[in-house]
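Got the viewer open and a hand on the mouse? Here's a short tour, one selection at a time.

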Amino acid sequence: MAHGPLEFLFTIDEETGLTGAGGLDPSMLDGRRLLNLDSEEEGTVTVGCAGGADTELRLELDTIAAPSNCTTLELRLKGLKGGHSGIDIHLQRGNAVQLLGRMIHGISHGTPGFLADFQGGNKHNAIPREASAVLMVPSDEIEVFTEAILGQFEAVKEEYRTVEPGMELSIEETDAPTKVWPTFTAWDVLNLIVALPHGVVAMSNDIEGLVESSTNLAAATVENDVLTILMSSRSSVASALDWIRQKIRAVAGQADAEVDEDNGYPGWKPDLGSEVLKVVKAVHARALGKDPHVEAVHAGLECGIIGEMVPGMDMISFGPQIEFPHSPDERVKVDSVGRFYDLLKAVVEELAS
């Protein structure tokens, strides 16, 4: 393999928050041309990405003793596709946490019951695929409750029939808890879950088809009488990202929830005059007989962090074909790996010359 001087940078925790890149000492790097091998679409060269930040909400929950003469039910919404909270957010797939909250919220005015638990989602960068709730329902009202919640489910299933054909709702008896949430606490929980923003917030005015801003209601967990909700927001415009987080704070304030915001990570502004991009496009056309697709992505890449740390870094990102990342359906197209490696070698050789 023909090449000039090479540096190899391996980072940890890219999938869970870019913390490896965030901990980098930029003085370690001498090179100023970066080939980032972390894109997921063969034939595409990425030249920009969104910045992002997480927000954690915590709501202390009042409790009362579990009532008598009730049957305890566990509702479990499952079978949703989930996916990456950046690159799949425009597909408008269902968010299991918000949809289950919506169903329970939808029957709470006219159907008796006591909410005792709510859980769903587990990763900031994944759309929740499953969620569950525990309710105590007066035993003589089980039929009314079941009919009402199934009515809500059927409406949601019909609404999402195209994108979520595998959506299921199970209703099963379970062990009774020792305590439940009083009505006002249950409403705080449900109102918060239903009102928080989720999905595409704005499309780019500069790049057709690119999501500019979005937010993901990533997880809701209850532990030690505290509800914790994790929100993950993205935007290629810093002020728009701030606006999304402002909205989240405003909704949290209505429920008197505590808000904790991280510092986030920067985006990567496209440089269509990049010398490295010119080389990669020329080699791609020569080696594969066609020009690559050049794009920015609505996801976080380490290029954003590294580019901020090392001013003047000339960067592109590319890779083999990987589909459905951050979900159990993740897969790589095997024959694309060999083609990508040949392309990478040719690019390195061209840069050396």
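Start by selecting Arg58 and Glu258: these two form a salt bridge, with their closest N and O atoms 2.8 Å apart. Colour the strands they sit in, and you'll see Arg58 in β3 (residues 51–60) and Glu258 in β13 (residues 258–261), so this pair ties together parts that are 200 residues apart in sequence. Keep in mind as you go that you're looking at a predicted model.

How exposed are the two partners? Arg58 is partly exposed, at a relative accessible area of 24%. Glu258 is partly exposed too, with a value of 46%.

**More charged pairs**

Side chains of opposite charge can pair when their charged atoms come close. The count here comes to 16 salt bridges, so there's plenty to click on.

Next, pick Glu158 and Arg161, whose closest N and O atoms are 3.1 Å apart in another salt bridge. Glu158 is partly exposed, with a relative accessible area of 45%, while Arg161 counts as exposed at 52%.

Now jump to Glu323 and Arg331. They form a salt bridge as well, with 2.7 Å between the closest N and O atoms. Glu323 has a relative accessible area of 25%, which makes it partly exposed.

For something with more partners, select Glu42, Lys333, Asp335 and Arg339 together: they're linked in a network of salt bridges.

**Two helices that cross**

Show helix α6 (residues 275–288) and helix α8 (residues 334–352) as cartoons. Their axes come within 9 Å and cross at roughly 130°, and the two helices are therefore oblique to each other. Turn the view until one lies in front of the other: α6 passes α8 in a right-handed crossing.

Which residues meet there? On the α6 side, show Val279, Val280, Val283, His284 and Arg286; on the α8 side, show Leu343, Ala346, Val347, Glu350 and Leu351. Colour this contact by class and you'll get seven nonpolar residues, one polar and two charged.

**A helix with buried residues**

Last stop: helix α7 (residues 302–309). Select Glu302, Cys303, Gly304, Ile305 and Ile306, which are buried. What covers them? Bring up α1 (19–22), β1 (33–36), β2 (44–49) and β15 (314–317), which are among the parts lying over the buried residues of α7.

Terms used:
Residues numbered from 1 in each chain as written. Predicted model: local features only at pLDDT ≥ 70, side-chain atom pairs only at ≥ 80, totals over all residues. Heavy atoms only, no water. Axes fitted to C-alpha atoms, helices over the stretch in contact; angles between N-to-C directions. Helix = DSSP H or I, 4+ residues; strand = E, 2+ residues; numbered from the N terminus. Parallel < 35°, antiparallel > 145°, perpendicular 65-115°, else oblique. Left-handed = near helix turned anticlockwise from the far one by under 90°. Contact = heavy atoms within 4.5 Å. Nonpolar A, V, L, I, M, F, W, Y, C, P; charged D, E, K, R; others polar. Buried < 20%, exposed > 50% of the residue type's maximum accessible area, 1.4 Å probe, protein only. Salt bridge = Lys/Arg side-chain N within 4 Å of Asp/Glu carboxyl O.
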